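Here are some remarks on the model you sent, set out as numbered points so that each can be checked against the coordinates.

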Amino acid sequence: LSMNILVIDPKTVCVEESEVYQAEQIDKLGMEVIPVPFRDAYPFCGALHCSTADVYSEGKFEDYFPNQK
């Protein structure tokens with residue numbers, strides 16, 4: 001089970017390129033999927049989302065899922 005993706009905007013995500021089934025599922029939801037060769041970096045800095053976490057953000061907070069409870 002792989003759930004570690006990097007969300008670029010409401011319709012675009014980066015997925016580790018070996019996670020083919022995950023990319024297919026996200027594509028079926030109508031999102032653009034950008035495959036990224038990142039598997040070899042996992043032991044050093046984590047997967048895509050963890051290794052790209054913001055330390056500091058500029059701009060306003062935007063909730064991409066406002067209707068979730």
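1. Y64 belongs to the segment that follows α3 (48-51), and in this predicted model its relative accessibility of 36% places it in the partly exposed class. Together with V7 and F65, Y64 makes a nonpolar surface patch of about 300 Å².

2. D63 is likewise found in the segment after α3, and with a relative accessible area of 42% it counts as partly exposed. Although D63 and P10 are 53 residues apart in sequence, their C-alpha atoms lie 9.6 Å apart in space.

3. For the overall layout, the secondary structure consists of three helices and three strands, and along the sequence these elements follow the pattern β-β-α-β-α-α. The three strands form an open sheet in the order β1-β2-β3, and the pairing within it is mixed. Because β1 (6-9) and β3 (32-36) are at the edges and have a single partner strand each, one side of each of them is left without a neighbour in the sheet. From one strand to the next, the twist averages 25 degrees.

4. The mixed character of the sheet can be followed pair by pair. Strands β1 and β2 run antiparallel and are joined by three bridges, with a hairpin of two residues leading from β1 to β2; within this pair, V7 stands opposite V13 of β2, and V7 is also one of the residues that make the nonpolar patch described in the first point. Strand β2 (residues 12-16) and β3, by contrast, run parallel and are joined by five bridges, and here the partner of E16 in β3 is V36.

5. Helix α1 (residues 20-28) packs on this sheet, where it touches β2 and β3, and the direction of α1 makes about 165 degrees with that of β2.

6. What is the relative accessibility of E16, and is this residue buried or exposed? E16 has its place in strand β2, and its relative accessibility is 2%, so it counts as buried, the limit for that class being under 20%. As a further marker of its surroundings, the C-alpha atom of E16 is separated by 8.3 Å from that of N4, a residue twelve positions away along the chain.

7. T12 also lies in strand β2, and at 9% relative accessibility it counts as buried. If its neighbours within four places in sequence are left aside, which residues is T12 in contact with? The contacts are with L6, V7, M31, E32 and I34; of these, I34 falls within the range given for β3 (32-36), and V7 within that given for β1 (6-9).

8. Some totals may help to put these local points in context. Of the 69 residues of the protein, 22% count as buried, E16 and T12 being among those assigned to that class. The protein exposes about 5800 Å², of which carbon and sulfur atoms supply 57%. Among contacts in the protein with a separation of 6 or more, 20% are accounted for by residues 24 or more positions apart.

Conventions. Residues are numbered from 1 along each chain as its sequence is written. This is a predicted model: local features need pLDDT of at least 70, side-chain atom pairs count only at pLDDT 80 or more; totals for chains, interfaces and linings use all residues. Side-chain values use heavy atoms; hydrogens and water are left out. Two strands pair if DSSP finds at least two bridges between them. Helices (H or I, at least four residues) and strands (E, at least two) are DSSP runs, numbered from the N terminus. Axes are lines fitted to C-alpha atoms, for helices over the stretch in contact, and angles run from 0 to 180 degrees between N-to-C directions. Contact means heavy atoms within 4.5 Å. Patches are made of residues with over 30% relative accessible area and no salt bridge: like charges are joined within 9 Å, nonpolar side chains (Val, Leu, Ile, Met, Phe, Trp, Tyr) within 5 Å. Accessible areas come from the Shrake-Rupley method with a 1.4 Å probe; for residues, only the protein chains shown count as cover. A salt bridge is a side-chain nitrogen of Lys or Arg within 4 Å of a carboxyl oxygen of Asp or Glu. Buried means under 20% relative accessible area, exposed over 50%, partly exposed in between (1.4 Å probe, protein chains only).
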